[in-house]
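Open the model in your viewer and keep the selection panel at hand. The tour below goes stop by stop.

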Amino acid sequence: MERFAVPAPTLARRMLGWRLVSEVGGVRTSGRVIETEAYLGPEDPASHAATRKGRTDRNASMFEGGGTAYLYFTYGMHWCFNVAAGAPGEPGAVLVRALEPLEGREVMEARRGRSRDLTSGPARLCQALGLDGTHDGHRLEGPPLWIEEGDAPDERRIGVSGRVGIRKARRWPLRFFLEGHPDLSGGKAPPSDPRTLPAELHWIHRPGSSIRRSTSTESA
DNA sequence: GTCCGGATATTCT
DNA sequence: GAATATCCGGACC
């Protein structure tokens, strides 16, 4: 699980191209990660782990260390799937916003009740893969839910924008996606503006820095 | 294609 | 009481 023990922005970018696999209900469905968003800890006002909140029953999985599934319920009817990032005790997570369907398309269509837009949104992909609150806190090391690394996409195909559906810190450059992919979520993403980042977070946008920065627990 | 309102639970003010 | 890390269907262009 070492690969998840990096800051959320690093992991969010690195997860593009990885494969999310579900065997929920005994049937296999999977998809290639094509769109992610990073949520930080106390320093990120948009995060469920923002300072004023701290650790609660709802966001506890964000504190459990990289590779823990964090699923939360929102708008009274939708589940969203995140992967906790970083070291235990240091909250952070990557929201998976869209997948390219790979396996189990017919199962996804049955779960979604339609044949289009199967995994092009954070709540849609949860429905397609059968994910809900029962998977919150699951370590992503094996069934019923895990992640396999894939080939890193061409850096030139990776887009960066502000995050979708939030007001606070909306122009922070924390949404990552494969440019032009047909299965991206339809959400309206604001352009990113790195100047809105507090000084201590400027490392996020320096080219290359977000995929090189290590956490305090990474000795090498 | 875009825009708007409704559904509905939990958290926060 | 308001906001929310959303989606869907219907109105309209």
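A polar contact is a pair of N or O atoms within 3.5 Å. With that cut-off in mind, select Pro 122: a polar backbone atom of this residue is 3.2 Å from a phosphate oxygen of DNA strand C. Bear in mind that this is a predicted model.

**Stop 1: DNA strand C**

Stay with DNA strand C and show its surroundings. 21 residues surround the strand. Tyr 72, His 78, Asn 82, Arg 112 and Arg 124 are the closest. Colour this surface by class: 11 residues are nonpolar, 5 polar and 5 charged. Now colour by secondary structure. β4, β5 and α3 (122–129) each supply at least two residues here.

Which part of DNA strand C do the atoms within 4 Å of the protein belong to? Sugar or phosphate accounts for 62% of them, and bases for the rest.

Pick two side chains next. Asn 82 places a polar side-chain atom 2.7 Å from a base nitrogen of DNA strand C. Arg 97 has a polar side-chain atom 3.0 Å from a phosphate oxygen of DNA strand C.

**Stop 2: DNA strand B**

Switch the selection to DNA strand B. The residues around this strand are Arg 52, Lys 53, Arg 58, Phe 73, Tyr 75, Gly 76, Met 77 and Lys 188. By class, they divide into 3 nonpolar, 1 polar and 4 charged. Among the atoms of DNA strand B within 4 Å of the protein, 59% belong to sugar or phosphate, the rest to bases. Zoom in on Lys 188. One of its polar side-chain atoms lies 2.8 Å from a phosphate oxygen of DNA strand B.

**Stop 3: strand β5 and its partners**

Select residues 93–103, which form strand β5. Is β5 mostly covered or mostly open? It is mostly covered, with 8 of its 11 residues buried.

Add β2 (29–39) to the view. β2 and β5 run antiparallel, joined by 9 bridges. Then add strand β4, residues 78–84. β4 also runs antiparallel to β5, with 3 bridges between them. Click Asn 82 again, the residue that approaches a base nitrogen of DNA strand C. Its bridge partner in β5 is Leu 95.

**Stop 4: Val 33**

Now centre on Val 33, in strand β2. Its bridge partner in β5 is Leu 99. Val 33 counts as buried because its relative accessibility is 1%, under the 20% limit. Show its contacts beyond four places in sequence: Met 15, Leu 16, Gly 17, Trp 18, Val 96, Ala 98 and Leu 99. For a distance check, take Leu 178. The C-alpha atoms of Val 33 and Leu 178 are separated by 9.1 Å, although the two residues are 145 apart along the chain.

**Stop 5: the β1 edge of the view**

Select β1 (19–22). β1 runs antiparallel to β2, with 4 bridges joining them. β1 also runs antiparallel to strand β7 (residues 145–148), again with 4 bridges. Arg 19 is a handy landmark: the residue stands opposite Arg 32 in β2 and opposite Glu 148 in β7. In the hairpin of β1 and β2, 6 residues lie between the strands. Among them, look at Gly 25, which takes a positive phi near 75 degrees.

**Stop 6: salt bridges**

Turn on salt bridges. The structure holds 16. Where do the side chains of Arg 28 and Glu 103 meet? In a salt bridge of 3.1 Å, N to O. Arg 28 sits in the loop between β1 and β2 and Glu 103 in β5, so the pair ties together parts 75 residues apart in sequence. Arg 28 is partly exposed at 33% relative accessibility, and Glu 103 is partly exposed at 25%. Widen the selection to see a network of salt bridges linking Arg 19, Glu 23, Arg 28, Glu 103 and Glu 148.

Move to Glu 35 and Arg 97, whose side chains form a salt bridge of 2.9 Å, N to O. Glu 35 belongs to β2 and Arg 97 to β5, so this pair ties together parts 62 residues apart in sequence. Both residues are buried.

End at Asp 193 and Arg 195. The closest N and O atoms of their salt bridge are 3.0 Å apart. Asp 193 is buried, at 16% relative accessible area, whereas Arg 195 is exposed, at 74%.

Notes
Residues are numbered from 1 along each chain as its sequence is written. Chains are lettered from A and ligands numbered from 1 in the order in which they are written. This is a predicted model: local features need pLDDT of at least 70, side-chain atom pairs count only at pLDDT 80 or more; totals for chains, interfaces and linings use all residues. Side-chain values use heavy atoms; hydrogens and water are left out. A residue is near a molecule or strand if one of its heavy atoms lies within 4 Å of it. A polar contact is a pair of N or O atoms within 3.5 Å; within protein, one must be able to donate a hydrogen and the other to accept it, and residues adjacent in sequence count only if both atoms are side-chain atoms. Ala, Val, Leu, Ile, Met, Phe, Trp, Tyr, Cys and Pro count as nonpolar, Asp, Glu, Lys and Arg as charged, and the others, Gly among them, as polar. A salt bridge is a side-chain nitrogen of Lys or Arg within 4 Å of a carboxyl oxygen of Asp or Glu. Buried means under 20% relative accessible area, exposed over 50%, partly exposed in between (1.4 Å probe, protein chains only). Contact means heavy atoms within 4.5 Å. Two strands pair if DSSP finds at least two bridges between them.
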